[in-house]
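Biologist: I am new to this protein, and I would like to understand the words people use for it. Could you show it to me and let me ask about a few residues and helices?

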Amino acid sequence: MHKNNDWRKSFRVCTQSICKWRNDPRMWAVLIFLFVFAWTQLKTVRNFCMMQELSISNWYFPFFFSGGMVVVFFYLGIILIFCNAPFVDNQQMYVILRAGSKNWFRGKILYIFITCCIYFLLLYVISILELIPYVGFSSQWERILESLSVNGDVGIYILTIPEEIIHNFSPVKATLLCYLLNILTATFLGLLIFCVNLYKSQNFGVGIALVIVLLSQVGKVLTVRAEWILNYFSPVSWTNLSIYKKGFGGVPMAYAFTMLLTGILVLILLIMHRQKEYSIEAMEEI
């Protein structure tokens, strides 16, 4: 019974942080950020639908992460959300006193996970809203995505629609896998910022997360072999389903999930170990 009460307190800490979004300019900036950068990617698709007089299915979401700088911008939004970890303000001192230090830290970890779930669910919804009136609901990829995966040319624009995703995954499976991989990757980055900020300054945690995000683009200027090796050390690259292929250049999906889950577990243990050393006075100095 006591353990259940502790988890309720942790959940309240999490929901309290989410309720603050209404009055947080940073969160509104991220929302605008998402709509703008999703539009820059989807505008070309809309134009193609208009030219071909075809509709597109509601499964474009996995292709947001299939290449290009757009994935960096989406993850900059994640960094912006979690840059102030461990999320301490004047009110949090009272919350810590009421909930207890352990429950407070656990609630903030839960907050990072739930925020990532909401963030990418919102991005999926945006991928549908911004394609209206050309979007239709279907269980198939539809002809327009299959056509774009062959050449990717729309006038002077080039879209990255990898054939590997079209051929190796069904739309539902691709979307669910991409959603889950993004949640795990973003949670890892959020916890990393949280953990590093507990030991160092906030700028240090954000800097490390930014390097990890930019690492996903470094391989594009290297040799094919160097890019393949780099993909094993770039969590953001694991959100691109086209890298999960057999043979040279591919990364096993089991490897990505194992590394992400292991990294998340290690970071949680480090955070919960660190909280034992923090008094209220120490938290006020963060």
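Modeller: Gladly! This is a predicted model, and a good place to begin is Val 125, which counts as partly exposed at 35% relative accessibility.

Biologist: Why is Val 125 called partly exposed?

Modeller: Buried means under 20% relative accessible area and exposed means over 50%. Val 125 has 35%, so this residue counts as partly exposed. Val 125 lies in helix α5.

Biologist: Which residues form the nonpolar patch on the surface?

Modeller: Val 125 forms that patch with Phe 35, Leu 121, Leu 129 and Ile 132, and together they have about 420 Å² of accessible area. Helix α5, residues 101-129, gives the most to the patch, with three residues.

Biologist: What makes Ile 109 buried?

Modeller: Its relative accessible area is 11%. The cut-off for buried is under 20%, so Ile 109 meets it. Ile 109 also lies in helix α5.

Biologist: Which residues is Ile 109 in contact with, leaving aside its neighbours within four places in sequence?

Modeller: They are Leu 191, Phe 194, Ile 268, Ile 271 and Met 272. Contact here means heavy atoms within 4.5 Å. As for Cys 14, its C-alpha atom is separated from that of Ile 109 by 8.2 Å, although the two residues are 95 apart along the chain.

Biologist: How do you know whether Ser 66 is buried or exposed?

Modeller: By the same kind of test. Ser 66 has a relative accessible area of 5%, and because buried means under 20%, Ser 66 is buried. You will find Ser 66 in the loop between β1 (56-57) and α3 (70-82).

Biologist: What does the side chain of Ser 66 reach?

Modeller: The backbone oxygen of Phe 63, at 2.9 Å. The limit for a polar contact is 3.5 Å, and 2.9 Å is within it.

Biologist: Next, the helices. How do you know that the span of α8 agrees with what it should be?

Modeller: Helix α8, residues 171-199, has 29 residues and should span 42 Å at 1.5 Å a residue. Its end C-alpha atoms are 42 Å apart, so the two values agree. For α3, with 13 residues, the reach from first to last C-alpha is 19 Å, close to the 18 Å expected.

Biologist: What makes α8 mostly covered?

Modeller: In α8, 23 of the 29 residues are buried. α3 is mostly covered too, with ten of its 13 residues buried; among them are Val 70, Phe 74, Tyr 75, Gly 77 and Phe 82.

Biologist: Which peptide bond leading to Pro 86 is cis?

Modeller: The one from Ala 85, with omega near 10°. Pro 86 lies in the loop between α3 and α4 (92-99). Another cis bond runs from Ile 132 to Pro 133, also with omega near 10°, and Pro 133 has its place in the loop between α5 and β2 (135-136). Most peptide bonds are trans.

Biologist: How many helices and strands does the protein have?

Modeller: Twelve helices and four strands. Of its 286 residues, 51% count as buried. The protein exposes about 14,200 Å², with carbon and sulfur atoms supplying 65% of that area. Finally, among contacts between residues at least 6 apart in sequence, 77% join residues at least 24 apart.

Technical notes: Residues numbered from 1 in each chain as written. Predicted model: local features only at pLDDT ≥ 70, side-chain atom pairs only at ≥ 80, totals over all residues. Heavy atoms only, no water. Patch = residues over 30% accessible without salt bridge, like charges linked within 9 Å, V, L, I, M, F, W, Y side chains within 5 Å. Areas by Shrake-Rupley, 256 points an atom, 1.4 Å probe, with all protein chains shown as cover. Salt bridge = Lys/Arg side-chain N within 4 Å of Asp/Glu carboxyl O. Helix = DSSP H or I, 4+ residues; strand = E, 2+ residues; numbered from the N terminus. Buried < 20%, exposed > 50% of the residue type's maximum accessible area, 1.4 Å probe, protein only. Polar contact = N/O pair within 3.5 Å; in protein donor to acceptor, adjacent residues only side chain to side chain. Expected span 1.5 Å × (residues − 1).
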